[in-house]
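Please look over the sequence and the structure below before reading on. The paragraphs after it start at the ligand and then move on to the surface and to a pair of charged side chains.

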Amino acid sequence: MLAEELVKLAEASRGNAYVPYSGFRVGAALLAASEKVYTGCNIENAAYSPTNCAERTAFFKAVSEGEREFTAIAVAGGKYEKVNEPCTPCGVCRQVMMEFCDPDGFLIYVSRGGGMFDTFTLAELLPKGFGKPNLNK
Ligand code: THU
């Protein structure tokens, strides 16, 4: 699957976002090593803290279906329906990625709208991240 296609799926997933509090719609599309794609959106809550980001929704869907290895994720977010503003994953989502992804190999595509996007490795967004190897020393 091409990065461009993954970004389009993330943008489309914004349509399912449940955002009565922020109005900030985020969509994600996660490519597993199996080649299957798992989409996600943000799901907010009246108590605020149970809110789940689009990226974690996609990861938890995939992991709960048995996936353990991932190649890339595309993220698209924005306040308005059709506008994608750069939306880099929050710190909690980066840590969830750290659990399942190779920091130097896993790619994060952040939509800038109009088919444009920026590409980061997980290591760029979470330098010196804490992960499984730290516990196995
Ligand atoms: N949000 C995401 O879903 N992903 C991100 O990468 C950043 C933030 C959500 C959480 C909340 O529902 C809304 O965007 C505003 O923070």
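In this predicted model, a polar atom in the side chain of Asn42 sits 3.0 Å from an oxygen atom of the ligand. The backbone also takes part in such contacts, since a polar backbone atom of Ala54 is 2.9 Å from a ligand oxygen, and a backbone N or O atom of Thr88 lies 3.4 Å from an oxygen atom of the ligand. Of the 370 Å² that the ligand exposes when taken alone, the protein buries 77%. The ligand is surrounded by 13 residues, and Asn42 and Ala54 are among the closest, together with Glu44, Cys53 and Glu55. Sorted by class, this shell holds 7 nonpolar, 4 polar and 2 charged residues.

Turning to the surface, one finds a nonpolar patch of about 460 Å², to which Tyr18, Tyr21, Ile43 and Tyr48 contribute. Tyr48 belongs to the loop that runs between β2 (37-41) and α2 (54-64), and Tyr48 counts as exposed because its relative accessibility is 57%, above the cut-off of 50%.

How many salt bridges does a search of the whole structure find? The search finds 1, and it joins the side chains of Arg112 and Asp118, with a distance of 3.0 Å from N to O. Side chains of opposite charge can pair when their charged atoms come close. Arg112 has a relative accessible area of 38% and is therefore partly exposed, and Asp118, at 26% relative accessibility, likewise counts as partly exposed.

Conventions:
Residues are numbered from 1 along each chain as its sequence is written. This is a predicted model: local features need pLDDT of at least 70, side-chain atom pairs count only at pLDDT 80 or more; totals for chains, interfaces and linings use all residues. Side-chain values use heavy atoms; hydrogens and water are left out. A residue is near a molecule or strand if one of its heavy atoms lies within 4 Å of it. A polar contact is a pair of N or O atoms within 3.5 Å; within protein, one must be able to donate a hydrogen and the other to accept it, and residues adjacent in sequence count only if both atoms are side-chain atoms. Accessible areas come from the Shrake-Rupley method with a 1.4 Å probe; for residues, only the protein chains shown count as cover. Ala, Val, Leu, Ile, Met, Phe, Trp, Tyr, Cys and Pro count as nonpolar, Asp, Glu, Lys and Arg as charged, and the others, Gly among them, as polar. Patches are made of residues with over 30% relative accessible area and no salt bridge: like charges are joined within 9 Å, nonpolar side chains (Val, Leu, Ile, Met, Phe, Trp, Tyr) within 5 Å. A salt bridge is a side-chain nitrogen of Lys or Arg within 4 Å of a carboxyl oxygen of Asp or Glu. Helices (H or I, at least four residues) and strands (E, at least two) are DSSP runs, numbered from the N terminus. Buried means under 20% relative accessible area, exposed over 50%, partly exposed in between (1.4 Å probe, protein chains only).
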